[in-house]
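Q: I'm new to reading protein models, and I'd like a close look at one part of this one: the place where the ligand sits. Could you walk me through it and then show me how it fits into the rest of the chain?

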Amino acid sequence: MTGLLAVGVNVGIFLVLSVWLLISEKLLVRYGKCVVTINDGALVMEKEGGVTLLTALYENKVFIPSACGGKATCGYCKVNVINGGGPVLPTEIPFLSRGEMRSGTRLACQIKLKENIEIALPEDLLAVKEYRAKVSLVRKLTHDMKEINLDLIEPKEIQHRPGKYIQIQAPGPDGAVFRAYSISTPDYVKDKVQLIIRLVPGGIASTYLHNLKEGDEVKFTGPYGEFRLSENPDTAVLCIGGGSGMAPIASIIDSIYNRWPERTCYLFFGCRTTGDVFYLDRFKKMAEKYPNFKVCYALSDPLKEDEDWDGDTGFIHLSVDKRLPKNLDLQTFLCGPPPMIEAVQEVLKNKGYNPEDAFYDKF
Ligand SMILES: Cc1cc2nc3c(=O)[nH]c(=O)nc-3n(C[C@H](O)[C@H](O)[C@H](O)COP(=O)(O)OP(=O)(O)OC[C@H]3O[C@@H](n4cnc5c(N)ncnc54)[C@H](O)[C@@H]3O)c2cc1C
Ligand code: FES
């Protein structure tokens with residue numbers, strides 16, 4: 001009994017001290033002005049210390065990706081720190097590989113500005129802008145998937161490469177949240193952005209997007225992402241996806257055939273049932289027009305007795321195994337749920353392709 005009382009008293013003292021430390025840091029500690037130098041001085045900003053690097057960048061209109069609002073749960077907000085920033089925090093470790101830690105990669109949301117700091121960012125990120133757009137079309141694709149067109153208001157144009165994504169701002173219970181959504185429009189469409197959104201039950205941003213009506217206004221930043229379509233028309237392109245992974249894939253395929261009608265491209269798309277299938281007719285028509293475009297959809301759930309289906313059955317990686325030739329000069333894009341991506345990577349490895357060379361977005 002006395003032991004329990006002693007533990008209780010100790011925990012109480014620890015809690016009071018922690019709260020006191022937090023309050024005194026907020027009220028008493030002044031770090032003064034801190035200078036943030038980006039890319040060898042290409043951009044220099046001054047900010048009152050005490051805020052996170054993520055906040056400092058955002059307030060100066062440098063929009064690096066962040067999907068968790070700075071809670072260290074998404075791992076998107078990586079920056080390369082050249083000088084300053086203090087030691088790596090335990091909250092960052094799960095998101096950083098050994099190589100990244102050696103090269104100074106940090107999570108911007110976990111760095112508190114207490115001193116001058118020098119960082120390096122990919123040039124692409126410095127071009128990211130904040131956009132206002134108006135919903136011009138909402139179309140149901142399946143029971144849980146909607147296509148949403150956003151006409152840009154300001155800025156009026158977006159420069160993007162196929163497969164890039166934006167970060168939509170959605171109202172959450174504790175303030176705005178940001179979520180990544182791939183652009184499904186091809187690179188030559190610059191005055192609008194189309195999204196394909198799967199409704200996640202209870203999900204903040206997907207519910208907000210599914211409830212949008214024509215005429216509503218939204219805010220987003222972008223474009224983001226590593227996808228880079230090869231400019232060599234002799235390189236075949238392999239797109240494998242499932243669900244809302246269709247969005248970047250549609251952008252890639254439309255961009256390809258707008259520029260290179262002869263280019264070889266394989267599309268493998270996995271769905272559970274016929275109720276999850278969309279865009280198949282559109283791609284079949286494209287395949288008639290562009291003979292080097294090969295389309296394969298596969299259903300993983302068993303067919304009902306009265307259902308008509310001339311595509312594959314089984315998981316999509318099995319179709320890739322059966323239909324994808326070996327020894328191609330190939331560039332691969334994988335966009336779908338993690339188990340699908342892992343199964344496909346194994347198939348590609350067995351066919352002699354290096355899965356490390358593939359671009360992938362897990363969603
Ligand atoms: C690069 C990138 C591109 C993306 N592009 C698209 C896109 O084009 N279309 C699209 O619909 N989504 C896309 N996503 C996923 C999207 O960013 C959100 O994660 C998703 O919409 C859920 O957000 P939410 O706010 O609705 O759910 P949250 O409020 O974040 O989550 C609610 C609950 O659902 C769970 N959950 C979160 N995400 C998923 C998920 N994907 N599947 C199942 N359960 C989940 C959470 O664990 C939580 O329990 C993309 C993600 C990335 C990283
Ligand atoms: S913003 Fe999510 S980990 Fe930093």
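A: Let's start with one term: two residues are in contact, or touch, when heavy atoms of theirs lie within 4.5 Å of each other. Also keep in mind that this is a predicted model.

Now to the ligand. There are 18 residues around ligand 1, and the nearest are Tyr76, Ala180, Tyr181, Ala205 and Ser206. Sort that shell by class and you get 11 nonpolar, four polar and three charged residues.

Some polar atoms are worth finding on your screen. A polar atom in the side chain of Tyr181 sits 2.6 Å from an oxygen atom of ligand 1. Ala205 uses its backbone instead: a polar atom there is 2.8 Å from an oxygen atom of the ligand. For Ser244, an N or O atom of the side chain lies 3.4 Å from a ligand oxygen. As for cover, ligand 1 has 910 Å² of accessible area on its own, and the protein covers 69% of that.

Which parts of the fold build this shell? Strand S9 (175–182), strand S10 (192–198) and helix H5 (204–210) each bring at least two residues. S9 gives the most, with four residues. In terms of domains, domain 2 (128–224) and domain 3 (236–362) each add at least three residues to the shell.

Stay with S9 for a moment, since Ser182 is part of that strand. Is Ser182 buried or exposed? Its relative accessibility is 9%, and the cut-off for buried is under 20%, so Ser182 counts as buried. Leaving out residues up to four places away in sequence, Ser182 touches Lys164, Tyr165, Gln194, Leu195, Ala247, Pro248, Asp361 and Phe363.

For a contrast, look at Lys140, which belongs to strand S6 (residues 129–140). Lys140 has a relative accessible area of 59%, and exposed means over 50%, so Lys140 is exposed. With the same residues in sequence left out, Lys140 touches Met145 and Lys146. You can also use Lys140 as a ruler: its C-alpha atom is 24 Å from that of Ala287, and the two are 147 residues apart along the chain.

Now zoom out. The chain is divided into domain 1 (32–125), domain 2 (128–224) and domain 3 (236–362). Where domain 1 and domain 2 meet, the contact takes 10 residues from domain 1 and 13 residues from domain 2. The centres of these two domains, taken over C-alpha atoms, are 26 Å apart.

Finally, here are some backbone details to hunt for. The peptide bond from Glu154 to Pro155 is cis, with omega near -15°, and Pro155 is in the loop between strand S7 (145–154) and strand S8 (165–172). Gly222 and Pro223 are also joined by a cis peptide bond, with omega about -5°; Pro223 is in strand S11 (residues 217–224).

Then there are positive phi values in residues other than glycine. Tyr279 has phi near 70° and sits in the loop between strand S13 (265–271) and helix H7 (280–289). Tyr279 is buried, at 9% relative accessibility. Asn327 has phi near 60°, and its loop runs between helix H8 (316–323) and strand S16 (330–336). Asn327 is exposed, with a relative accessible area of 75%.

How values were computed:
Residues numbered from 1 in each chain as written. Chains lettered and ligands numbered in written order. Predicted model: local features only at pLDDT ≥ 70, side-chain atom pairs only at ≥ 80, totals over all residues. Heavy atoms only, no water. Near = heavy atom within 4 Å. Polar contact = N/O pair within 3.5 Å; in protein donor to acceptor, adjacent residues only side chain to side chain. Areas by Shrake-Rupley, 256 points an atom, 1.4 Å probe, with all protein chains shown as cover. Nonpolar A, V, L, I, M, F, W, Y, C, P; charged D, E, K, R; others polar. Domains from an automatic or database assignment. Buried < 20%, exposed > 50% of the residue type's maximum accessible area, 1.4 Å probe, protein only.
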